[in-house]
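Student: I would like a close look at a single part of this model, namely one pair of packed helices. Please set that pair in its surroundings too.

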Amino acid sequence: MSKESEKTRRLWVALRHQAQLKGFRVVVRSMEATASAYCDYGTKKVVISDRLNPADALARLAHEVGHVYLHTNLSLQDRGIREIEAELFAYAMLADHGIRPDDSLLHYIASWAMRVAPHAPEDLVGTISEQLVPATRQVSVQVHRYLRDHMQPARSGPAEPPFLPSDHDGPVL
Ligand SMILES: [Zn+2]
């Protein structure tokens with residue numbers, strides 16, 4: 001396993017654990033071509049498409065865990081703000097583990113910022129970034145602690161199981 005894919009696998013497991021701490025199950029399964037992931041607060045599930053490559057799947061999981069931690073009352077906030085927050089959270093989580101986020105992540109943030117605050121998108125993103133620091137730091141500390149306690153760096157030995165097992169036991173939502 002390459003160093004990069006090992007980093008991806010470790011962070012995937014740690015973020016999945018973070019979702020579980022909030023009572024959310026992470027499910028990987030086939031989805032419509034137009035969707036790649038979503039967070040279902042009703043059934044407490046984070047669903048990730050099984051056709052994503054591991055790097056994209058991790059970025060989507062980080063985004064959905066952002067929703068789980070940041071957005072407990074959906075009626076209080078504009079969807080665009082929520083999407084920017086979740087994507088900035090994902091960006092911070094990946095960067096914190098030395099994984100360079102794909103440019104599409106920044107495009108997603110920029111496009112929502114243009115929609116929500118067309119005259120000052122950079123001010124909006126700056127303000128949201130500052131407000132996110134405490135929550136992001138808190139999850140980041142928990143992730144590092146989990147990795148330290150449960151996920152020793154890979155040694156030579158038996159191959160690790162695939163980290164994205166398909167989940168077929170849930171209803172199709
Ligand atoms: Zn989202």
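Tutor: What follows goes from the whole chain to one helix pair, then to single residues.

This is a predicted model, in which local features need pLDDT of at least 70, side-chain atom pairs count only at pLDDT 80 or more, and totals for chains, interfaces and linings use all residues. Residues are numbered from 1 along each chain as its sequence is written.

Start with the fold. The protein has five helices and three strands. Helices (H or I, at least four residues) and strands (E, at least two) are DSSP runs, numbered from the N terminus. The order from the N terminus is α-β-β-β-α-α-α-α. The protein has 173 residues, and 28% of them count as buried. Buried means 20 or more other C-beta atoms within 10 Å of the residue's own; 12 or fewer is exposed, and in between is partly exposed, with C-beta atoms placed from the backbone. Now take contacts between residues at least 6 apart in sequence: 62% of them join residues at least 24 apart. A contact here has C-beta atoms, placed from the backbone, within 7 Å.

Now the pair. Two packed helices are described by the angle between their axes and the distance between the axes. Helix α2 covers residues 54–70, and helix α3 covers residues 79–96. Their axes come within 8 Å and cross at roughly 120°. That makes α2 oblique to α3. Axes are lines fitted to C-alpha atoms, for helices over the stretch in contact, and angles run from 0 to 180 degrees between N-to-C directions. Angles under 35 degrees count as roughly parallel, over 145 as roughly antiparallel, 65 to 115 as roughly perpendicular, and the rest as oblique. The crossing of α2 and α3 is right-handed; that is, the near helix is turned clockwise from the far one by less than a right angle.

Which residues meet? From α2 come A59, A62, H63, G66, H67 and L70. From α3 come R82, E85, A86, E87, F89, A90, M93 and L94. The residues of this contact divide into eight nonpolar, three polar and three charged. Ala, Val, Leu, Ile, Met, Phe, Trp, Tyr, Cys and Pro count as nonpolar, Asp, Glu, Lys and Arg as charged, and the others, Gly among them, as polar.

Look at G66 in helix α2. G66 counts as buried because 27 C-beta neighbours lie inside 10 Å. Leaving aside residues up to four places away in sequence, G66 touches E85, A86, F89 and A90. G66 and A90 are 24 residues apart in sequence, with their C-alpha atoms 6.7 Å apart. A62 touches F89, A90, M93 and L94, and also L15, with residues up to four places away not counted.

A62 and A90 recur in the largest nonpolar core, among the residues with the most contacts inside it. That core has 36 residues. A nonpolar core is a set of buried Ala, Val, Leu, Ile, Met, Phe, Trp, Tyr and Cys residues joined through C-beta atoms within 7 Å. Elements giving two or more residues to this core include α1, β1, β3, α2 and α3. α3 gives the most, with nine residues.

Finish at P54, also in helix α2. P54 is partly exposed, because 15 other C-beta atoms lie within 10 Å. P54 and S5 are 49 residues apart in sequence, and their C-alpha atoms are 7.8 Å apart.

Key:
Contact = placed C-beta atoms within 7 Å.
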